[in-house]
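Let's walk through a few features together, one at a time. Keep the viewer open as we go.

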Amino acid sequence: MRYALYFTPPATDPLTKAAAAWLGRDPFTETHRPAPEGLDEEIWQSLTAEPRRYGFHATLKAPFHLAAGTTEAELVEAFRSFCASTAPVAIPSLALRALGPFFALVPRDDSADIDSLCTAIVETFEPFRAPLSPEDVARRRPERLTERQRELLTRFGYPYVHEQFRFHMTLTGPVVDQQHAGVSALLSERFGPFLDRPLDIAHLALFAERERGAPFHVLVHNSLEGREAILAR
């Protein structure tokens, strides 16, 4: 088993439903869906295979094995306690962007509140994370990382935390250059109702992977119930 702390809206949220229809899988119910009408099955499969396995989400603490001496029940209890004491934050405006070879939904501008939330999650749940195996380290291709990213990989098991973190909700796997314009237009149409609009980060999810390579599913989904929240809507 591996676990991860992600943001994803509630199962009934319109964005969750739109993303499940696009990716072809709902991580809440673990139901699979056919290719959207009008899309070539082979092209759609190649675009969505990688993010489909993880489910629609933004990574806040990357997948990890439980540390020795800790249990799933303890992790769930800590997760619920964190949610009960943590205030929601808001993304003022959502945008569709290409991040290298893949497309994702991201904040249109920098968001210090989101960055702070991720930092708190990374550090709070670090005691539950088992050290990476040499194989896990190799999968991160450390030779391609900066010195700072290698430091973070060693310290937290993931190179994109703290100042290296960027909130994003992945919609595709790698897209070849020749397809960028077409995929961008397609995603802009499908996710247009959510672009240039606020998104409340008012929930967190604890995802689980039953075995390496299996689809991730929502184990626990909780609202953030701390006070002093200023939400966008």
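**Reading the features**

A: Tyr-160 is a good place to start: with a relative accessible area of 34%, this residue is partly exposed. Please keep in mind that we are looking at a predicted model.

Q: How do I read the label that goes with the relative accessible area of Tyr-160, and where does Tyr-160 lie?

A: Under 20% relative accessible area a residue is called buried, over 50% exposed, and in between partly exposed. Tyr-160 has 34%, so the label is partly exposed. You will find Tyr-160 in the loop between α6 and β8 (169-170). If you want a distance to try in your viewer, the C-alpha atoms of Tyr-160 and Pro-51 are 18 Å apart, with their positions 109 residues apart along the chain.

Q: Now the cysteines. How many disulfides does the structure hold?

A: To count as a disulfide, two cysteine sulfur atoms must lie within 2.5 Å. Here there are zero disulfides. Take Cys-83: the closest cysteine sulfur belongs to Cys-118 and is 14 Å away, which is too far for a bond. Looking from the other side, Cys-118 is in no disulfide, and the nearest cysteine sulfur is that of Cys-83, at 14 Å.

Q: Is Cys-83 buried or exposed? And is Cys-118 buried or exposed?

A: Cys-83 has 0% relative accessibility, so this residue counts as buried. Cys-118 has a relative accessible area of 2% and is therefore buried.

Q: Which residue other than glycine has a positive phi near 50°?

A: That is Arg-141. Arg-141 sits in the loop between α5 (134-139) and α6 (147-156). With a relative accessible area of 37%, Arg-141 is partly exposed.

Q: And what is the phi of Glu-30?

A: Glu-30 is not a glycine, yet its phi is positive, at about 60°. Look for Glu-30 in the loop between β2 (25-26) and β3 (31-32). Its relative accessibility is 32%, so Glu-30 counts as partly exposed.

Q: Let's finish with surface charge. Which residues form a negative surface patch?

A: For a patch, we join like charges within 9 Å, using residues that have over 30% relative accessible area and no salt bridge. In this model, Asp-109, Asp-110, Asp-113 and Asp-115 form a negative surface patch. One of them, Asp-115, belongs to helix α4 (residues 112-124). At 32% relative accessibility, Asp-115 counts as partly exposed.

Technical notes
Residues are numbered from 1 along each chain as its sequence is written. This is a predicted model: local features need pLDDT of at least 70, side-chain atom pairs count only at pLDDT 80 or more; totals for chains, interfaces and linings use all residues. Side-chain values use heavy atoms; hydrogens and water are left out. Patches are made of residues with over 30% relative accessible area and no salt bridge: like charges are joined within 9 Å, nonpolar side chains (Val, Leu, Ile, Met, Phe, Trp, Tyr) within 5 Å. Accessible areas come from the Shrake-Rupley method with a 1.4 Å probe; for residues, only the protein chains shown count as cover. A salt bridge is a side-chain nitrogen of Lys or Arg within 4 Å of a carboxyl oxygen of Asp or Glu. Lys and Arg count as positive and Asp and Glu as negative; His and the chain ends are not counted. The place of a charge is taken as NZ of Lys, CZ of Arg, CG of Asp or CD of Glu. Helices (H or I, at least four residues) and strands (E, at least two) are DSSP runs, numbered from the N terminus. Buried means under 20% relative accessible area, exposed over 50%, partly exposed in between (1.4 Å probe, protein chains only).
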